[in-house]
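Colleague: I would like a close look at a single part of this protein, with its surroundings brought in where they help.

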Amino acid sequence: MSTKNNQGKWWGTAPHDCALYLETNFIPLYKKIISRSDLSPGVNVLDIGGGSGLFINMAEAKGATTSGIDLSPELLAIARQRNPLAALFNHDME
């Protein structure tokens with residue numbers, strides 16, 4: 001089994017818990033990154049390992065065009081619900 005399948009299976013075991021409890025811990029970091037970036041209409045953002053799409057959601061709120069990849073189909077399903085305009089794919093960063 002590939003790294004993608006092994007890791008994707010592990011991260012997909014509790015996707016709603018990840019979205020609600022784990023990913024929200026990164027909000028201060030995401031806010032700092034966004035405040036130091038020129039995110040505006042016309043800017044493209046690629047989120048690698050984007051999980052349930054919280055950062056993409058925050059980047060889209062600033063007008064950026066977003067895309068992302070993640071190992072977990074379960075987390076991508078949540079990300080797609082949060083970000084219907086984003087181009088999201090099930091891939092690893094390798």
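Which residues of strand 1 (residues 44–48) make up its covered face, and which its uncovered one?

Modeller: This is a predicted model, and what follows should be read with that in mind. In strand 1, the covered face consists of Val 45 and Asp 47, while Asn 44, Leu 46 and Ile 48 make up the uncovered face. The general background to such a division is that side chains in a regular strand alternate between the two faces of the sheet.

To place the strand, it helps to set out the fold. The protein contains five helices and three strands, which follow one another along the sequence in the pattern α-α-α-β-α-β-α-β. Of its 94 residues, 36% count as buried, and the accessible surface comes to about 5900 Å², with 57% of that belonging to carbon and sulfur atoms. Among contacts between residues at least 6 apart in sequence, 46% join residues at least 24 apart.

The pairing partner to consider is strand 2 (residues 65–70), which runs with strand 1 in the parallel sense over five bridges. Within this pairing, Ile 48, from the uncovered face of strand 1, stands opposite Ile 69 in strand 2. Ser 67, which also lies in strand 2, touches Val 45, Leu 46 and Asp 47 of strand 1, and its contacts further include Ile 56, Ala 87 and Leu 88. Ser 67 is thus in contact with residues from both faces of strand 1, since Val 45 and Asp 47 belong to the covered face and Leu 46 to the uncovered one. The C-alpha atoms of Ser 67 and Ala 87 are 4.5 Å apart, although 20 residues separate the two in sequence. With a relative accessible area of 22%, Ser 67 is partly exposed.

Helix 4 (residues 54–61) is the next element to examine, for its buried residues are Leu 54, Phe 55, Ile 56, Met 58 and Ala 59. Strand 1 is included in what covers these residues, together with helix 3, strand 2, helix 5 and strand 3 (87–90). One of the buried residues, Ile 56, is among those that Ser 67 touches. Met 58, another residue of helix 4, has a relative accessibility of 17% and therefore counts as buried. Leaving aside residues up to four places away in sequence, Met 58 touches Ile 27, Tyr 30, Lys 31 and Ile 34. The C-alpha atoms of Met 58 and Ile 27 are separated by 9.2 Å, with their positions 31 residues apart along the chain. After helix 4 comes Gly 63, whose phi is positive, near 100°.

Helix 3 (residues 27–35) also carries Leu 29, which at 46% relative accessibility counts as partly exposed. Leu 29 joins Leu 22, Phe 26 and Ile 33 in a nonpolar patch on the surface, and the accessible area of these residues together is about 330 Å².

Helix 5 (residues 73–82), also among the elements that cover helix 4, has Leu 75, Leu 76, Ile 78 and Ala 79 as its buried residues. Seen down the axis of helix 5, these buried residues fall within an arc of 160°, so they line one face of the helix. As general background, an α-helix has 3.6 residues a turn, so residues three or four places apart point the same way.

The loop between helix 5 and strand 3 holds Asn 83, which counts as buried at 1% relative accessibility. The contacts of Asn 83, not counting residues up to four places away in sequence, are with Gly 53, Ile 56, Asn 57 and Glu 60. Ile 56 of helix 4 is accordingly touched by Asn 83 as well as by Ser 67.

A search of the whole structure finds one salt bridge, in which the side chains of Arg 82 and Glu 23 meet at 3.1 Å, N to O. Arg 82 lies in helix 5 and Glu 23 in the loop between helix 2 (15–22) and helix 3, so the pair ties together parts that are 59 residues apart in sequence. The two partners fall into separate accessibility classes: Arg 82, at 28% relative accessibility, counts as partly exposed, whereas Glu 23, at 5%, counts as buried.

Terms used:
Residues numbered from 1 in each chain as written. Predicted model: local features only at pLDDT ≥ 70, side-chain atom pairs only at ≥ 80, totals over all residues. Heavy atoms only, no water. Buried < 20%, exposed > 50% of the residue type's maximum accessible area, 1.4 Å probe, protein only. Helix = DSSP H or I, 4+ residues; strand = E, 2+ residues; numbered from the N terminus. Arc of directions from axis to C-beta. Contact = heavy atoms within 4.5 Å. Areas by Shrake-Rupley, 256 points an atom, 1.4 Å probe, with all protein chains shown as cover. Patch = residues over 30% accessible without salt bridge, like charges linked within 9 Å, V, L, I, M, F, W, Y side chains within 5 Å. Salt bridge = Lys/Arg side-chain N within 4 Å of Asp/Glu carboxyl O. Pairing = 2+ DSSP bridges.
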